[in-house]
Amino acid sequence: MTANNEVYKAIKEWKEQHIYTFHSSEQLNTFHDSIMIAFFQECFKEYKEEHGESPCEFSWFVLGSAGRFEQGYVSDQDHGIVFEADTLEATNYFLTFGEKLSNGLVQLGYPYCDGKVMSSNPIWCKSFSGWADQINQWTLEESLDSIRYLQIFYDARVLVGKKKMINAFKKRILDQNLEHPRLLQRFLDNIRHIKKSVGVFGQLYVQQTGPYAGSIDLKHAAFLPYVNAIRLLAIKEGIYESSTLSRFDCLRKLDTYNRELKPYQDRFKTLLEFRIASYKKDDSYSESHYLSIKTLTQSEKKLIKQILKDGVRLHHFVQNCIEKG
């Protein structure tokens, strides 16, 4: 991002001035989308002036909490590119652009992804045929990384460009699941472990040492049990939606799940709003994942315990659904 570019500066100021005025998860994520799309458009405009027009059609998609439309106030970046032309020229063009995107997003306040799930990484920036080969490889490989990458990819949501290429890859994953039933079991095996958060006597398990001692790991103890379980059920039932709430909606249209999933959907909505309400403005990205129980009222402790317990119950429900076939 060019330091003297007034448009970039204006986008950053717009983000900083308005982001804390949104007090619902849906409004906040709509705002994140508008920031990233505005930034993308200016970044690509500048890039084309330096490198020429795009050699082919492409789509820019987001993953992780952005893909699921579940970002908090502070969020890292997770994104990728798929482009039509399978040429060295196109690969170099979009990888270089991906690097420019990643560097610019950092300056807007979206930290680099620790796992390098970004358009600057060749794993996440490929031609259509390159992506097709990679999806096939991930579905057939018996490795933890390949199943983890498939889970990440299934949360993809297009921000710029057409959805058809991403949907084609999701269909490929669903087709592979029908042809190789073992794939669904591999997904389940990868999410089987849940961070223990509530004891048999109702006590909350917190971090014992380090900078977050006395805090609950909201990401792993609260969010992931819901997110992982519903993603797995969505794959089982052939649902393309990316957000957890949209997946809940689609699943509840099926008689098998309607009554069973409603309380869990309500808990997850509460969790999304609870995270926003409990956020402190000076929290870093890492700090935003932890909740100090010392700051909670008795009613809030009761609520968070119920959310954590129901996350485990949902996980067990989905596990039973998968194992029964």
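**Notebook: surface, fold and aromatic pairs**

I began with the surface. The accessible surface of the chain comes to about 15500 Å². Carbon and sulfur atoms account for 50% of that area. I keep in mind that this is a predicted model.

Next I looked up burial. Of the 325 residues in the chain, 50% count as buried.

Then I took the overall dimensions. The C-alpha trace spans about 65 × 50 × 35 Å along its principal axes.

I listed the secondary structure. The chain has twelve helices and six strands. I then checked the radius of gyration, which is 20 Å. The globule rule gives 20 Å for 325 residues, so the chain is as compact as a globular protein of that length.

I also looked at how contacts run along the sequence. I took the contacts between residues at least 6 apart in sequence, and 72% of them join residues at least 24 apart.

**The sheet**

I traced one open sheet of four strands. The order is β3-β2-β1-β4, and the pairing is mixed. Which strands stand at the edges? They are β3 (125-127) and β4 (157-160). Each has a single partner strand, so one side of each is left without a neighbour in the sheet. I read the turn between neighbouring strands as 30 degrees on average, direction ignored.

I followed one pairing in detail. Strand β1 (residues 58-62) pairs with β4 in the antiparallel sense, over three bridges. Within this part I found Val 62 opposite Arg 157 in β4.

I then asked what helix α4 (residues 88-108) touches. The helix packs on the sheet and touches β1, β2 (79-83) and β3. Its direction makes about 160 degrees with that of β2.

**Aromatic rings**

I counted ring pairs with centres within 6.5 Å. The count comes to 32 aromatic pairs. I picked out Trp 138 and Tyr 149, whose ring centres are 5.1 Å apart. Their planes stand at 40 degrees, so I noted the pair as tilted. Trp 138 is in helix α5 (residues 128-140), and Tyr 149 is in helix α6 (residues 144-153). The two residues are eleven residues apart. Are they buried or exposed? Both Trp 138 and Tyr 149 are buried.

Last, I mapped a cluster linked by ring pairs. I noted its Phe members as Phe 40, Phe 44, Phe 58, Phe 83, Phe 94 and Phe 97. Tyr 47, Tyr 93 and Trp 60 also belong to the cluster. I place Phe 58 within the residue range of β1, 58-62.

Key: Residues numbered from 1 in each chain as written. Predicted model: local features only at pLDDT ≥ 70, side-chain atom pairs only at ≥ 80, totals over all residues. Heavy atoms only, no water. Pairing = 2+ DSSP bridges. Axes fitted to C-alpha atoms, helices over the stretch in contact; angles between N-to-C directions. Contact = heavy atoms within 4.5 Å. Rg over C-alpha atoms; globule rule 2.2 N^0.38 Å. Buried < 20%, exposed > 50% of the residue type's maximum accessible area, 1.4 Å probe, protein only. Areas by Shrake-Rupley, 256 points an atom, 1.4 Å probe, with all protein chains shown as cover. Phe/Tyr/Trp six-rings, centres within 6.5 Å; stacked < 30°, edge-to-face > 60°.
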